[in-house]
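Student: Could you pick one part of this model and take a close look at it with me? I'd like to hear what sits around it, and then how the rest compares as a setting.

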Amino acid sequence: MANVIVVGAQFGDEGKAKVTDLLAKNADVVVRYQGGANAGHTVVVDGDTYKFHLIPSGVLYSGTMCILGPGMVIDPKAFISELGALQKRGTDDSMLKVSATAHVTMPYHMLIDAAEEDSRGDRKIGTTKRGIGPTYADKCTRVGIRMEDLLDGEVLKAKLDYLVPRKNVILERLYNLEPLDPKAIFEEYFELGNKMSKYICDTSQIIFQLIQQRKNILFEGAQGTLLDVDHGSYPYVTSSSPTAGGACIGAGVGPTYVDRVIGVSKAYMTRVGEGPFPTEQFGEVSDNLRQIGKAWAEVGVTTGRLRRVGWFDAVLGRYSVRINGLDCLAVTKLDVLDEFDEIKVCIAYRDPKTNEIHNELPSIAGSFQRMEPVYTTFAGWNRSTNECRSYNDLPVAAQRYLNFIQEQLGVPVAIVSVGQQRDQTIVIEDPIHGPKRVLTRTNSFS
Ligand code: IMP
């Protein structure tokens, strides 16, 4: 029995879905605990590509229960449409559950998210415009609509009669947009609630019962550590807690029930949207990083935006190990580096203002913005890794690269992904039952 959290150790889009998919094979339940339709997860099975935004990718295994947890924000229209597409391909939804207390993303959330973002000018965050921030804001100011409210016409109507006129003030006066009609929203969302009713339940209780039955539970994070609202590169973050601690809150389980935390990192780095990115590359290196893995094109799954790309950042990696308590790492997309003559890893930052070297992430947002990377350079391996199925199959230079990442972060690299297909995966050591984190890195850069 093991209850495992999978988190993104970078800025999101680390390839978590592939790792979750691999681990879901042995899981009884997959639980998503935060975020909403801003997430974009891609899984390739037998050459077929599946894109997920709200529903855990574990749904591809029949017999695996999939839960959208209380910490999520759910757009019912996006849910119905994603589910419909999966059902058309024969996916079984009989084990799908949606938390009654998850918050609902409403039409005004999406309008306000987009209007706020467009009005920010230089201060824009680059949100996905899926209404995520405004939905979490309503949750925290205690006026949000929860999934359970969609099932109770009286409650839903009363909430909308209170909320929509207030949202209309914002829409009309601040953003010069058309007001919304509470009655039309009520009719549409009551109907959507009806359609979703068979999935809505108390998911925290189900999870607890499964824990008591010693089932295997996989908690699937969306986005990544550096997008966490508390621990990420604020304000360039999402509005939820993708970090491991967020899994307990967002799923409704106590931390003592969690056995393992697995971090997922790309072998390099990407970011969608605005915000600091010390190892960001432009020109030839970025073109190559984007283009080499054609099937792995660096385009946002949700928004279709081109991802910013850069070298692996071990400072952020160590931060992610610390904040999440990572036991081990899954490194994805190693094959994208196959054709590089040289590959860099950022091992520390230099502050150009003081010339000081920082081994840790500066906690002050302004100083993080100006940090310059200090690199170690590796010779590339100039050979395809797509067919490698064990650590020993990998070119020696690739092994050296992975060993260096492992030493820098102080946790073992347990899984390496060398392509999009399920079988293009190297399991170096069992990420769930293998040794726990080793914390070997005692020497700091000087
Ligand atoms: P929001 O979550 O739509 O509010 O966007 C806030 C920030 O998080 C923006 O920089 C987005 O690009 C980023 N973001 C949100 N979801 C994802 C994701 O799934 N992958 C990568 N970046 C994301």
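Tutor: Ser286 counts as buried, because its relative accessibility is 4%, and the cut-off for that label is under 20%. Keep in mind that this is a predicted model. Ser286 sits in helix α9, which covers residues 284–292. Its side chain isn't left without a polar partner: one of its polar atoms lies 2.9 Å from the backbone oxygen of Gly283. Leaving aside residues up to four places away in sequence, Ser286 touches Gln281 and Val309. Gly310 is worth a glance too: it is 24 residues from Ser286 along the chain, yet the two C-alpha atoms are separated by 6.8 Å.

Now hop over to another buried side chain, His41. This one belongs to strand β3, residues 41–45. With a relative accessible area of 6%, His41 is buried as well, and its side chain makes a polar contact with the side chain of Glu220 at 3.2 Å.

Helix α4, residues 132–140, gives you several buried positions in one element: Ile132, Pro134, Thr135, Tyr136 and Asp138. Those buried residues pack against two strands, β6 (73–74) and β8 (103–104), and two helices, α3 (107–119) and α5 (153–174). After α4 comes Arg142, with a positive phi near 65°.

Last stop, the ligand. It has 16 residues around it, and the closest are Asp13, Asn38, Thr128, Thr238 and Val272. Sorted by class, that shell holds six nonpolar, eight polar and two charged residues. So where does the ligand lie relative to the domains? Domain 1 (3–71 + 207–427) and domain 2 (103–196) both supply residues to the shell, so the ligand lies between them.

As for polar atoms facing the ligand, Asn38 has a side-chain N or O atom 2.9 Å from a ligand oxygen. Ile125 takes part through its backbone, with an N or O atom 3.4 Å from an oxygen of the ligand. Gln223 brings a polar side-chain atom to 3.1 Å from a ligand nitrogen. Taken alone, the ligand would expose 470 Å², and the protein buries 96% of that.

Conventions. Residues numbered from 1 in each chain as written. Predicted model: local features only at pLDDT ≥ 70, side-chain atom pairs only at ≥ 80, totals over all residues. Heavy atoms only, no water. Near = heavy atom within 4 Å. Polar contact = N/O pair within 3.5 Å; in protein donor to acceptor, adjacent residues only side chain to side chain. Areas by Shrake-Rupley, 256 points an atom, 1.4 Å probe, with all protein chains shown as cover. Nonpolar A, V, L, I, M, F, W, Y, C, P; charged D, E, K, R; others polar. Domains from an automatic or database assignment. Buried < 20%, exposed > 50% of the residue type's maximum accessible area, 1.4 Å probe, protein only. Helix = DSSP H or I, 4+ residues; strand = E, 2+ residues; numbered from the N terminus. Contact = heavy atoms within 4.5 Å.
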